[in-house]
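Biologist: Before we discuss anything, I would like to see the model, and then to ask why each label has been given.

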Amino acid sequence: MQSLLVNFGEIFGNLYKDMGFVQGNWQNYVMLLISFVLMYLAIVRKFEPMLLLPISFGMFLINIPGAEAVLWGEYPTDEAGNVLSEAYDDVINRGLLWYLYFGVDKVIYPPLIFLGIGAMTDFGPLIANPKSMLIGAGAQLGIFIAFILASVLGFSAAAAAAIAIIGGADGPTAIMVASKLAPNLIPAIAIAAYSYMALIPIIQKPLMRLLTTKKERKIRMKPLRQVSKLEKILFPLVVTLVVGIILPQSITLLGMLMLGNLFKESGVVDRLSTQAQNGLMNTITIFLGIAVGCKAKGEMFLSLDTLAIIGIGLFAFIVGTIGGLLVAKIMCKITKGQINPLIGSAGVSAVPMAARISEDVGREYDPQNHLLMHAMGPNVAGVIGSAIAAGVMLACFI
């Protein structure tokens, strides 16, 4: 009887030690609250729910006290319990989230996301109005200003480059650059990038009204010319070849983007195009979101560096929007009012949300003014521009 009681004592003692509330700390509970806020923004406010919801749920899962060892795995320790290594490949007793994160660590998910984006994108507006590439280039100003700011604040050159990509408003690009240059910063960078993408209406509309006049907002642009099928097929091939030769580091993202677009425009692989747009895109989005969220652990995320990254990212996004608007205003002056400066805000890489914001603000002042297709030119140029900017950063600091 006594030995039975001893065994029961050990059993319940082990069960007690394994309970989450014994293992948790205040950072876990703060991060749980943050995950609830992000879920609210995704579900109730519908801010970029396709990615914000899986990211916030991944954050929720990993911060449940005691869940990390089960969902992620355990780091090797010495006899005294000290962690010997926190490297991704050294994790033992690997769990589900470790395997999902493989696609982030080995840079698999971001190019596949770009494949899906390419299959959903119409480059016709950019081909019809190549000048809009200048607006997309101007919107990359935020990336390079943010790089300087992050360097001044004490981040290493590689970390500053990874942080700066947030300014392009392109989540997959930000994750890819961070995974190569600053893997420890991936959670903060990814969450900042997708949060600002979700907040585009709140961030961009005041800037658009501030930097344009009422007269400029009412400018009606001439309809774009019809783009031939041959032009649409040649465009991804020419862009990939030219940019690839000049900047090979950008070829992973840009190549997948253009392959997806070639699927769409060729008209001979509808099944592949449909799969890239829907099944593959949705699956990778789920995996990417959960994988990014699961790295947002309390002790790592709640730090001054994270707050600095979020602040720099917001600044970069604002400067990028301003850069696109200013280039569009200059083009408006040069063309004597043929270009509505509102399309400049669409130069960031958030497709097609940024273009829709240009349309919405334009119609506030003239309900019959349709800017969406004109704004799509700078918008897809921003996608290409952010991939090129990522290639520059990787070429310089990898």
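Biologist: Why is N340 called buried?

Modeller: The relative accessible area of N340 is 0%, and buried means under 20%, exposed over 50% and partly exposed in between, with a 1.4 Å probe and protein chains only, so N340 counts as buried. As a caution, this is a predicted model, in which local features need pLDDT of at least 70 and side-chain atom pairs count only at pLDDT 80 or more, while totals for chains, interfaces and linings use all residues. Residues are numbered from 1 along each chain as its sequence is written, and side-chain values use heavy atoms, with hydrogens and water left out.

Biologist: Where does N340 lie, and what is it in contact with beyond its neighbours within four places in sequence?

Modeller: N340 lies in the loop between α20 (304–334) and α21 (353–365), where helices are DSSP runs of H or I with at least four residues and strands are runs of E with at least two, numbered from the N terminus. Contact means heavy atoms within 4.5 Å, and, leaving aside those sequence neighbours, N340 is in contact with E216, R217, K218, I219, M221, N369 and L371. Two backbone oxygens lie at short listed distances from polar atoms of the N340 side chain: that of R217 at 3.1 Å and that of I219 at 2.9 Å.

Biologist: What makes R220 and D366 a salt bridge?

Modeller: A salt bridge is a side-chain nitrogen of Lys or Arg within 4 Å of a carboxyl oxygen of Asp or Glu, and the closest N and O atoms of R220 and D366 are 2.8 Å apart, so the pair meets the definition. This pair links distant parts of the chain, with R220 in the loop between α15 (214–217) and α16, D366 in the loop between α21 and α22, and their positions 146 residues apart. R220 is exposed, at a relative accessible area of 52%, whereas D366 is buried, at 13%.

Biologist: How do you know that E359 and R363 meet in a salt bridge, and how many salt bridges does the structure hold?

Modeller: The N to O distance for E359 and R363 is 3.8 Å, which falls under the 4 Å limit and therefore qualifies. Both residues lie in helix α21, four residues apart, about one turn of the helix; E359 is buried at 11%, and R363 is partly exposed at 39%. Elsewhere, salt bridges that share partners join D89, D105 and K106 into one network, in which the side chains of D105 and K106 meet at 3.2 Å, N to O. The structure holds 10 salt bridges.

Biologist: What makes α7 mostly covered, and how does its span compare with the expected one?

Modeller: Of the 12 residues of α7, 10 are buried, among them Y109, F114 and G118. The elements covering those buried residues include α6 (96–105), α12 (171–181), α17 (251–266), α18 (270–293) and α22 (372–397). As for the span, the expected value is 1.5 Å times one less than the number of residues; α7 (residues 109–120) reaches 17 Å from its first C-alpha to its last, close to the 16 Å expected.

Biologist: Why is L241 called exposed, and which residues make the nonpolar surface patch?

Modeller: L241, in helix α16 (residues 229–246), has a relative accessibility of 54%, so it counts as exposed. The patch, of about 800 Å², is made by L230, L234, L237, V238, L241, V242, I245 and I246. Patches take residues with over 30% relative accessible area and no salt bridge, joining like charges within 9 Å and nonpolar side chains (Val, Leu, Ile, Met, Phe, Trp, Tyr) within 5 Å, and the areas come from the Shrake-Rupley method with a 1.4 Å probe, only the protein chains shown counting as cover for residues.

Biologist: What is the phi of V107, and what is that of K336?

Modeller: Phi of V107 is near 55° and phi of K336 is near 60°, each a positive value in a residue other than glycine. V107 is found in the loop between α6 and α7 and is buried at 16%, while K336 lies in the loop between α20 and α21 and is exposed at 76%. P352 is found in the loop between α20 and α21, and the peptide bond from V351 to P352 is cis, with omega near -10°.

Definitions and conventions:
Polar contact = N/O pair within 3.5 Å; in protein donor to acceptor, adjacent residues only side chain to side chain.
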